[in-house]
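Biologist: Please give me a close look at one part of this model, the aromatic cluster together with the empty spaces beside and around it. I should like the geometry with the cut-offs stated, followed by the chain elements involved.

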Amino acid sequence: MAAVAAALTCTAAVAATAASAAAAPPHTARGSVVSVTPLPQLSAVDVAATLRDDGFDASGVRYGVDAYRIVYRTVDENGDPTTASGFVGLPRDRDRRLRVISYDHGTMAGASEAPSVDDGGRSPEGLTLASAGYAAAVPDYLGLGVGPGYHPYVQVSTETTATLDMLRAARTFARSVGRTFDPRVLVTGFSQGGQAAMAFSHALQVGIDPSFRLAAAAPISGPYRIADAELPAMFSGQLDPKDSAYYIGYLLTSWNRLYHLYDKASDAFRAPYDRTVAPLYDGKHTDDVIFAALPDSIQQLLTPTMLAQLQHPTGALAAALPANDVSCDWTPGVPVHLYAAHSDQDVAVQNAYLCQQQLTDHGTADVSLIDLGHLQHVDSGKAGFAAALRWFGQIAPPTR
C-alpha cells in the first residue's frame, strides 16, 4: 500500500518531484548524464532503408541522424536514486536550435528489446523523428535497456519520472555538441507509451520542470483506463486471448513487486504457471520466449480467485488500479490528438473514448479522437505514429 500512496497522481507529487531534483547537486541531479554511447550514425539514405525494413513510413526522411544511447540519473518507484537509459537522435542539419519530441515506447518485457539497445540502437521511431528535423528523446524506462532492476510496468509515476529525466539528459547532451532545445515539447507514445505520454504531458502542463512547456500531445492506442476499459474487454472476448495472457502476466508480476497483490504465486497463477511466470518477466527473456511459455488465455493462466479479483477488484489491486488510471484525468491547455483503431485486439478502443471523456469533463479542451480504422495493434502504432508526426509538422514544424 505504501507504493500505491507514492504513485504520481496529483500536482503536489509533481511539485515534490521537481523540488527534489532542484535540490540535488549537479553531478547527482536527476537527468544528469552518466554516460554516452554513440549508436549508428546514418545518412538519410540509410535511415530510409532502415525504416522501410521495419515497415515504417520513410517518406518524411530529410536528414541523416546521429544517434546515441544516454545513461542518466533518475529515481525508482520509491524515490530512491537509480539510473536508466534511452535513445537520443539528432538530425544532421545545420540548425543549432531544435524542437524536441518525446516518444514513449510500447510494451516490451526484454531489456534488450528497448529502443537504445534493440537492433544496435536503431529505434525506428527515434530515427523517424530525428530524420524529419526534430530532436528525439526516447526513454527505455526503468529496468529496460541497460538500466538496473525490474521494469515497473504501466506505473504512471515511474513512466513520468523516467521520461522527464530522459528529456533533461537529452538536452544536456545536446548542449555538449552545440545544439539547444526549444522549451516547447511535443509528446507522443504508443501502447504503454500512450499512457506514459499522457501522464508526462500532464506533468509538463502543471510545471514539473519550468524550463519545459507542453506544446501538444498525440498518444496512440494507450491503455489509459485498465479498470474500466482494458480488463472488461479482456473478459468480454473483445481482445486476443493469448495477448491478454501476456499483458496480464506482466501486469500482475510487476504490480505484485510494487503493491503486494498476493502472498504466493499460486494465489494468482494456476499450476504450472505459478512456478514459471514470474521468472519470465525478469527482463532477461524476450517477448517471443515469454509468449511461447504462456497458455492461450487468461482463464488458463489465472486461478479462479485472481480472475474474480480482476473483475471485481478489492484490497491492494483496488487501490493500485485508480492510482495508475489517471493519465487522462486533467484538462489540456494545448491541442491533443488521440489515435486509436476500432479493431485493435490488444488495447481496447474504449480506452481512447474514456480518455477523451476525461480530458474534456473538467472544461473546454481541444481534444480530437482519430480512428485509424480496421487495424490491429502493431499496425495502429505505425499508422498513428506517422499521423502524429504529420500533425506535429503542421502545428509545430522543426525549428528553423
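Modeller: Rings of Phe, Tyr and Trp (its six-membered ring) are paired when their centres lie within 6.5 Å; the pair is stacked if the planes are under 30 degrees apart, edge-to-face if over 60, and tilted otherwise. In this predicted model, side-chain atom pairs count only at pLDDT 80 or more and local features need at least 70, while totals for chains, interfaces and linings use all residues. Residues are numbered from 1 along each chain as its sequence is written, and side-chain values use heavy atoms, without hydrogens or water.

One aromatic cluster is formed by Tyr153, Tyr246, Tyr247, Tyr250, Tyr281 and Phe291. The whole structure contains 12 aromatic pairs. Among them, Tyr246 with Tyr247 is edge-to-face, with 5.3 Å between the centres and 65° between the planes. Both partners are buried (under 20% relative accessible area; exposed is over 50%, partly exposed in between; 1.4 Å probe, protein chains only): Tyr246 has a relative accessibility of 2%, and Tyr247 one of 13%.

The cluster also leads to the enclosed spaces. A cavity is a set of points on a 1 Å grid, over the protein atoms alone, where a 1.4 Å probe fits but cannot get out; a pocket is an open set with protein on both sides within 12 Å along at least five of seven lines, and lining residues have an atom within 4 Å of a point. Points join across faces, edges and corners, and volume is the space filled by probe spheres set on them.

There are 3 cavities of 30 Å³ or more in the structure. The largest cavity holds about 140 Å³ of space. It is lined by 15 residues, and those closest to its centre are Tyr153, Pro223, Glu230, Met234 and Tyr247. Tyr153 and Tyr247 are thus named twice, since both also belong to the aromatic cluster. Two elements, α7 and α8, each give two or more residues to this lining (helices, H or I, of at least four residues and strands, E, of at least two are DSSP runs numbered from the N terminus). The largest share, 4 residues, is that of α7. The lining divides into 10 nonpolar, 3 polar and 2 charged residues (Ala, Val, Leu, Ile, Met, Phe, Trp, Tyr, Cys and Pro are nonpolar; Asp, Glu, Lys and Arg charged; the others, Gly among them, polar).

Just before α7, the loop between β9 (213-220) and α7 (226-236) contains Ser221. Ser221 has a positive phi of about 50°, although it is not a glycine. With a relative accessibility of 4%, Ser221 is buried.

The second largest cavity has a volume of about 40 Å³. Tyr250 and Tyr281 are among its lining residues, which also include Ala109, Gly143, Leu144, Gly149, Tyr150, His151, Asp282 and Gly283. By class, this lining has 5 nonpolar, 4 polar and 1 charged residues.

The open space should be read alongside these two. The largest pocket has a volume of about 890 Å³. Its lining comprises 31 residues, with Thr107, Met108, Glu125, Asp287 and Val378 nearest the centre. At least two lining residues are supplied by each of α4 (124-131), α8 (241-259), α11 (287-293) and α16 (377-395). Helix α16 gives the largest share, 5 residues. The pocket lining has 12 nonpolar, 8 polar and 11 charged residues. Helix α8 therefore appears in the lining of the pocket as well as in that of the largest cavity.

Helix α4 can be followed back along the chain to β5. The loop between β5 and α4 holds Asp119, which is not a glycine but has a positive phi of about 55°. Asp119 is partly exposed, with a relative accessible area of 45%.

Strand β5 (residues 100-104) is itself mostly covered, with 5 of its 5 residues buried. Val100, Ser102 and Asp104 point one way, and Ile101 and Tyr103 the other. Strands pair if DSSP finds at least two bridges between them. β5 pairs in the parallel sense with β6 (residues 135-139) over 3 bridges, with Ser102 opposite Ala137. β5 also pairs in the parallel sense with β8 (residues 184-190), over 4 bridges; there, Tyr103 has Thr188 as its bridge partner.

One backbone feature remains. The peptide bond from Ala271 to Pro272 is cis, with omega near 5°, and Pro272 sits in the loop between α9 (265-268) and α10 (273-280).
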